[in-house]
Amino acid sequence: MKKYLLYTFLLGITIFIAACNTKEEAATLTTDVAEVSLPDNYDTQKQITINTSVEWVINKPAGADWLTVTPEKGIGITKVILTAAKNTDPAKRVATINIVAGALTKKIAVTQLAPLLALPGNADLISGEHTNNCPYTAAVVFTIPAVERATSYLWFRNGFAVAETKEPSYAANVAGAYTVVGKNAAGIGGTSQEKRITITTCPLPGDAGIITGANENICPVTKVLLTTTPVTNAVAYQWYKNGEAIPNATALTCTVRTTGTYTVAGVNGAGTGTASASKVVTMNTCNLIDAILGNWTVTGQVLVGQNIVDNSHTVTITRIDDNTVNIRNFVGIHELTGKPYGTYDDDILATLDNENQTLIIPYQELIPNFFASAGAAKSFISARIAVTSVCESDNQNAILPVSVDDDGVVTAVFQCGTLTINGTTYKTGMFYLAKDADEKCLGGNVSMLNTKWTRQSAAPAP
């Protein structure tokens with residue numbers, strides 16, 4: 001009995017000592033990979049293995065919505081699937097996931113490759129003539145519909161590359177069999193069908209002839225008309241001033257308004273021919289008075305409200321001094337009274353602004369003889385008229401700010417033959433505005449419609 005008790009006591013002591021000497025096992029966290037690379041395809045997947053003795057959780061960074069982790073937490077040995085959506089960005093995508101197990105952390109870098117660029121599609125039929133058209137074109141222009149995914153186009157002649165273009169077009173000036181392919185960073189696409197062309201060598205235009213025209217302007221005219229003779233094989237012309245091409249000067253004639261040395265050459269599809277001999281033109285500065293003095297015939301209907309003043313009359317402009325002129329019979333004779341329509345003496349004084357090449361008609365009231373007797377409204381005129389716009393032709397323009405002393409400014413665009421006031425267009429040569437009895441501006445109810453001014457004589461009026 002004593003032996004049994006001793007044995008039991010010693011066994012308990014042994015178990016206690018063993019228990020006291022046993023230490024708690026430390027937590028562990030391992031993975032089978034440190035980084036993962038995924039292709040750019042739809043829903044591509046990779047598997048990783050997590051081995052830990054405690055519970056773990058995976059944290060994704062912000063912005064990594066393209067990456068799915070399944071499962072996101074667990075315990076022990078677990079297989080985890082990483083799934084990436086298709087990469088539509090031009091560059092690779094990178095996200096670092098954190099696996100946290102207690103106090104332990106493991107990082108895994110996940111990279112998705114940049115998408116592989118697909119080849120361009122097949123090139124369609126080449127459009128264009130089969131030969132060039134002399135003398136208009138020295139080349140044949142090819143075009144094709146845009147090729148899918150192509151960033152440029154590679155053109156071949158007889159199997160050899162001859163040009164690369166950004167746009168799906170090419171001007172071919174050498175005969176041969178042509179094909180084209182779309183091209184991008186991945187390579188080239190399918191080849192178009194063959195297009196064969198012939199090319200005729202177009203001759204250049206012949207030598208330009210002598211330029212005719214005055215060597216200088218004669219005041220009051222402020223321009224010179226230059227003319228050349230037709231050039232063999234030319235389909236257009238190019239005029240030059242001091243060696244520089246004049247924009248839009250492509251006809252047989254050219255109107256010049258500045259001093260310079262002028263030449264002209266014929267032009268066609270093959271290029272530019274030999275230029276003419278030089279023509280030196282000197283533009284004299286004309287005194288504004290010289291440009292406007294004289295008798296002018298004004299034709300067309302002149303209206304005051306609904307009343308026709310006349311269909312034709314003569315305006316006389318005379319010199320007061322070097323800066324002032326007198327304008328007589330500016331509006332004309334009223335058909336109902338047979339009297340001048342204007343001030344009682346029918347004279348308007350205007351001053352010249354030589355710097356701005358304009359004639360300034362100051363504000364003044366005009367009391368019509370016919371309407372004055374009936375107590376009708378007064379009219380007034382105030383205008384700034386470009387002298388060159390006294391209408392010898394229908395294509396000269398000027399801006400007429402029409403001043404209204406107490407009512408602001410009405411701006412009208414004046415063109416010989418056309419007048420626009422506040423959005424309404426009239427055919428006109430000159431115009432008035434009128435005020436009612438309360439001095440409030442009515443605007444535009446006194447006008448000269450469908451009128452044209454023509455100089456009766458270049459000689460100044462006496």
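Two strands are taken to pair if DSSP finds at least two bridges between them. In this predicted model, that condition is met by β2 and β7, which run parallel and are joined by four bridges. Within this pairing, S37 stands opposite T111 in β7. The side chains along β2 alternate, with V36 and L38 pointing to one face, where they are buried, while E35 and S37 point to the other face and are not buried.

A second pairing can be followed further along the chain, where β15 and strand β18 (residues 253-256) come together in the antiparallel sense over four bridges. Here L225 stands opposite T255 in β18. Strand β15, which spans residues 224-227, also has two faces, a covered one made up of V224 and L226 and an uncovered one made up of L225 and T227.

From the strands, the reader may turn to the nonpolar interior. The largest nonpolar core has 20 residues, and those with the most contacts inside it are I58, L67, V80, L82 and V110. At least two residues of this core come from each of β2 (35-38), β3 (44-59), β4 (67-70), β5 (73-84), β6 (93-101) and β7 (104-112). To take one of its members, I58 touches I50, V69, P71, E72, V80, I97, N98 and I99, when residues up to four places away in sequence are not counted.

Strand β6 also holds R93, a residue that counts as buried because its relative accessible area is 14%, which is under the 20% limit. Leaving aside neighbours within four places in sequence, R93 is in contact with W66, A85, K86, N87, V110, T111 and Q112. Two polar approaches can be picked out around this side chain: the side chains of R93 and Q112 are joined by a polar contact of 2.6 Å, and a polar atom of the R93 side chain lies 3.3 Å from the backbone oxygen of K86. The C-alpha atom of R93 is also separated by 7.2 Å from that of A114, although these residues are 21 places apart along the chain.

Another buried polar residue is found in strand β16 (residues 236-241), where Q238 lies. Its relative accessible area is 15%, and Q238 is therefore buried. The side chain of Q238 reaches the backbone oxygen of I246 at 3.0 Å. With residues up to four places away in sequence again set aside, Q238 touches A245, I246, A249, T250, T263, V264, A265 and V267.

Aromatic rings offer a further way into the structure. A pair of aromatic rings is described by the distance of the centres and the angle of the planes. The structure holds four aromatic pairs. In one of them, the rings of F142 and W155 have their centres 6.2 Å apart and their planes at 20°, so this pair is stacked. The pair links distant parts of the chain, since F142 belongs to strand β8 (residues 140-143) and W155 to strand β9 (residues 152-157), 13 residues apart. Both F142 and W155 are buried. The rings of Y170 and Y178, by contrast, have their centres 6.3 Å apart and their planes at 45°, so that pair is tilted. Y170 is buried because its relative accessible area is 16%, and Y178 counts as buried at 0% relative accessibility. Taken together, F142, W155, Y170 and Y178 form one aromatic cluster.

The last theme is charge. Side chains of opposite charge can pair when their charged atoms come close. The structure holds four salt bridges. One of them is formed by E148 and R149, whose closest N and O atoms are 3.1 Å apart. In this bridge E148 counts as exposed, at 54% relative accessibility, whereas R149 counts as partly exposed, at 38%. Another salt bridge brings together the side chains of E164 and K183, at 3.4 Å from N to O. Because E164 lies in strand β10 (residues 160-165) and K183 in strand β12 (residues 176-184), this pair ties together parts that are 19 residues apart in sequence. E164 is partly exposed, with a relative accessible area of 45%, and K183 is also partly exposed, with a relative accessible area of 27%. A further salt bridge is the meeting of the side chains of D322 and R319, at 3.2 Å from N to O, and here R319 counts as partly exposed at 42% relative accessibility.

Conventions
Residues numbered from 1 in each chain as written. Predicted model: local features only at pLDDT ≥ 70, side-chain atom pairs only at ≥ 80, totals over all residues. Heavy atoms only, no water. Buried < 20%, exposed > 50% of the residue type's maximum accessible area, 1.4 Å probe, protein only. Polar contact = N/O pair within 3.5 Å; in protein donor to acceptor, adjacent residues only side chain to side chain. Contact = heavy atoms within 4.5 Å. Core = buried A, V, L, I, M, F, W, Y, C linked by side-chain atoms within 4.5 Å. Phe/Tyr/Trp six-rings, centres within 6.5 Å; stacked < 30°, edge-to-face > 60°.
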